[in-house]
Amino acid sequence: QNRNIRRNKNISYAFISEFSKREFLKRFDKIPADKQYFLPNMVGFEKEDRARVECENNELYLFIGGVTEVKGIRIFCEAVNRANVPAVVIGDGILRKELEEKYPDIEFVGWKSKQEMTPYLLRARCMIFSSIWYETMGLTPLEVMLYGIPVICSELNAASEYIFKEM
């Protein structure tokens with residue numbers, strides 16, 4: 001794939017985030033500007049009544065995603081364990097059984113529908129999006145932020161572009 005990109009001079013590139021563009025151009029820095037296009041993610045969220053979660057009064061830390069290495073689940077589990085805070089993992093994956101045994105104080109609830117997730121969101125202090133893999137856009141953090149729930153996010157994904165950073 002990389003060889004084909006480097007050889008073919010007649011390719012245009014569409015980026016869905018500044019993050020994806022920046023990371024791509026680190027590896028393929030000789031792409032002419034007239035071959036680069038920005039195409040914002042066209043995902044839309046349903047307009048439903050979403051009351052702001054009073055997360056400042058809550059204690060629950062959430063992880064929502066695949067229970068796999070690349071999603072940073074080990075980082076999440078170790079962090080909440082060391083902080084001794086209540087935590088819930090919504091999702092499933094190859095590491096679930098191992099981590100359930102290692103971290104018995106963390107509640108692993110498997111995948112949930114949007115309706116089934118609501119009780120967890122209403123109790124959330126924040127969501128941790130600890131992915132260690134480059135992600136061009138993490139949609140879960142954006143959905144959670146619609147409830148006013150803060151997100152702690154790795155800079156290894158484009159969701160970090162949507163989180164206010166104080167300089």
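Let's start with the cysteines: this predicted model holds 0 disulfides. A disulfide is a covalent bond between the sulfur atoms of two cysteines. What keeps C126 from forming one with C55? The closest cysteine sulfur to that of C126 is the one in C55, and at 8.4 Å it is too far for a bond; the cut-off applied here is 2.5 Å. C153 is in no disulfide either, since its nearest cysteine sulfur, that of C126, is 11 Å away. As for its surroundings, C126 counts as buried because its relative accessibility is 5%.

From there, turn to helix α2, which spans residues 18-27. Which of its residues are buried? They are F19, S20, E23 and F24. Look down the helix axis and you will find that these residues cover an arc of only 120°, so they lie on the same side of α2. And what does that buried set pack against? Its partners are α1 (2-7) and β1 (13-15).

Now move out to the surface. Here V70, I75, I132, W133, Y134 and L156 form a nonpolar patch, and together these residues have about 570 Å² of accessible area. I75 is a handy one to pick out: you will find this patch member in helix α3, which covers residues 73-83. Is I75 buried, exposed or partly exposed? With a relative accessibility of 47%, I75 counts as partly exposed, because that class lies between the 20% limit for buried and the 50% limit for exposed. C126, at 5%, falls on the buried side.

How values were computed. Residues are numbered from 1 along each chain as its sequence is written. This is a predicted model: local features need pLDDT of at least 70, side-chain atom pairs count only at pLDDT 80 or more; totals for chains, interfaces and linings use all residues. Side-chain values use heavy atoms; hydrogens and water are left out. Buried means under 20% relative accessible area, exposed over 50%, partly exposed in between (1.4 Å probe, protein chains only). Patches are made of residues with over 30% relative accessible area and no salt bridge: like charges are joined within 9 Å, nonpolar side chains (Val, Leu, Ile, Met, Phe, Trp, Tyr) within 5 Å. Accessible areas come from the Shrake-Rupley method with a 1.4 Å probe; for residues, only the protein chains shown count as cover. A salt bridge is a side-chain nitrogen of Lys or Arg within 4 Å of a carboxyl oxygen of Asp or Glu. Helices (H or I, at least four residues) and strands (E, at least two) are DSSP runs, numbered from the N terminus. The arc is that of the directions from the helix axis to the C-beta atoms. Contact means heavy atoms within 4.5 Å.
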